[in-house]
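Trainee: I'm new to this one. Could you take me through its aromatic rings, slowly, and whatever packs around them?

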Amino acid sequence: MALSRTDMPLDDLRRYAPDLPEPPDLDEFWSRTLAEARAAGSPARREQVSGPIRELIVEDLTFPGFAGDPVRAWITRPKGDSPRPAVIEYVGYGGGRGLAGEKLAWAAAGYVHVLMDTRGQGSGWGTGGDTPDPHGSGPATPGYMTRGITSAAEHYYRRVYTDAVRLVDHVAEMPFVDRERIAVTGGSQGGGIAIAAGALSDQVRAVMPDVPFLCDFPRAITQTPQPPFTEITRYLSVHRDEEEAVLTTLSYLDGAILARRIQVPVLFSVALMDEVVLPSTVFAAFNAVPAADKEIEVYGFNGHEGGAFWQWHRQVEWLRERI
């Protein structure tokens with residue numbers, strides 16, 4: 001937790017709207033990417049998990065993501081097969097889906113909860129991940145931020161965002177899910193992925209990013225004092241001639257640009273003492289959302305932990321009024 005406010009005054013944050021240049025082929029890039037992934041897809045597989053959880057159904061999901069690569073997820077849901085609203089959750093940087101049954105709150109509140117593993121991650125904290133990333137990379141700073149950093153087509157987050165949208169596709173086809181009531185959420189990296197999924201999928205009905213990462217890259221990589229954004233800063237300190245190529249790549253992945261395409265209700269959260277994700281980068285994405293129904297919960301004395309379970313209570317209340 002930081003000891004002081006890390007960014008602009010709140011009144012300035014509410015007005016902050018950076019003029020981030022948008023690639024002219026952004027929509028075509030993502031349409032082509034998703035079409036290729038859908039064409040490479042194979043049927044998703046669900047297997048019920050035996051274990052200590054008795055009052056909820058827990059299933060191990062494997063679905064085809066980017067390039068048809070197998071991606072893992074947990075489904076946790078109330079018993080019965082009548083269609084219910086679903087909440088898809090994406091995981092923070094370095095974490096994985098963990099063990100079956102670790103996250104029960106959304107299912108206990110009556111939702112189908114689907115927790116996506118993040119390819120190649122799952123060894124930084126928590127209890128692990130199960131999804132490899134079989135695609136290579138050129139020279140990169142340790143971490144995930146600079147894998148494929150000089151080409152949007154090769155960048156790591158092109159694969160992750162595609163996984164996220166493909167998961168929405170599969171969840172919408174599940175017989176126990178009401179396809180008209182699908183929400184996406186996540187904290188930090190998971191929040192950034194949720195923004196991308198809400199922007200790129202026409203089946204998402206609500207977006208709930210908490211202290212979202214991966215937004216307003218030009219400001220984040222020059223102003224943020226803590227990793228992971230500093231992975232890019234370090235890369236550019238070595239590859240001194242690649243700034244233009246790097247910023248062009250990141251413009252295809254920037255949540256503050258993709259957020260311009262979100263037309264459904266959104267509930268963001270931001271923490272004003274956050275040294276990992278600067279409040280201005282969160283507001284850059286929030287302020288870019290054109291949807292009329294949008295709210296942001298501000299935690300004035302918190303760092304990157306944000307609202308934690310307080311925010312989950314807020315999400316449940318907010319979501320029940322919408323889906």
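Mentor: Let's go through the aromatic pairs, then a helix contact and one loop residue.

First, some ground rules: this is a predicted model, where local features need pLDDT of at least 70, side-chain atom pairs count only at pLDDT 80 or more, and totals for chains, interfaces and linings use all residues. Residues are numbered from 1 along each chain as its sequence is written, and side-chain values use heavy atoms, with hydrogens and water left out.

The structure has 15 aromatic pairs. Rings of Phe, Tyr and Trp (its six-membered ring) pair if their centres lie within 6.5 Å; planes under 30 degrees apart are stacked, over 60 edge-to-face, and the rest tilted. Take Phe29 and Tyr252: their centres are 4.8 Å apart with 55° between the planes, a tilted pair. Phe29 is in helix H2 (residues 26-39) and Tyr252 is in the loop between helix H8 (243-251) and helix H9 (255-258), so the pair ties together parts 223 residues apart in sequence. Helices here are DSSP runs (H or I, at least four residues), as are strands (E, at least two), numbered from the N terminus. Both Phe29 and Tyr252 are buried, where buried means under 20% relative accessible area, exposed over 50%, and partly exposed in between (1.4 Å probe, protein chains only).

Now look at Tyr93 and Tyr144: with ring centres 5.5 Å apart and planes at 80°, the pair is edge-to-face. Tyr93 sits in the loop between strand S4 (84-90) and helix H3 (105-108), and Tyr144 in the loop between strand S5 (112-116) and helix H4 (156-172), 51 residues apart. Tyr93 and Tyr144 are buried too. These four residues belong to one aromatic cluster, whose members also include Tyr157 and Tyr161.

That brings us to H4, since Tyr157 and Tyr161 of H4 help make its contact (heavy atoms within 4.5 Å) with H5. On the H5 side, the contact residues include Ile193, Ala196 and Leu200. The contact residues split into 9 nonpolar, 2 polar and no charged; Ala, Val, Leu, Ile, Met, Phe, Trp, Tyr, Cys and Pro count as nonpolar, Asp, Glu, Lys and Arg as charged, and the others, Gly among them, as polar.

Finally, back to the loop between S5 and H4, where you'll find Thr146. Thr146 counts as buried, at 0% relative accessibility. Leaving out residues up to four places away in sequence, Thr146 touches Ser137, Pro139, Ala140, Thr141, Glu231, Ile232 and Tyr235.
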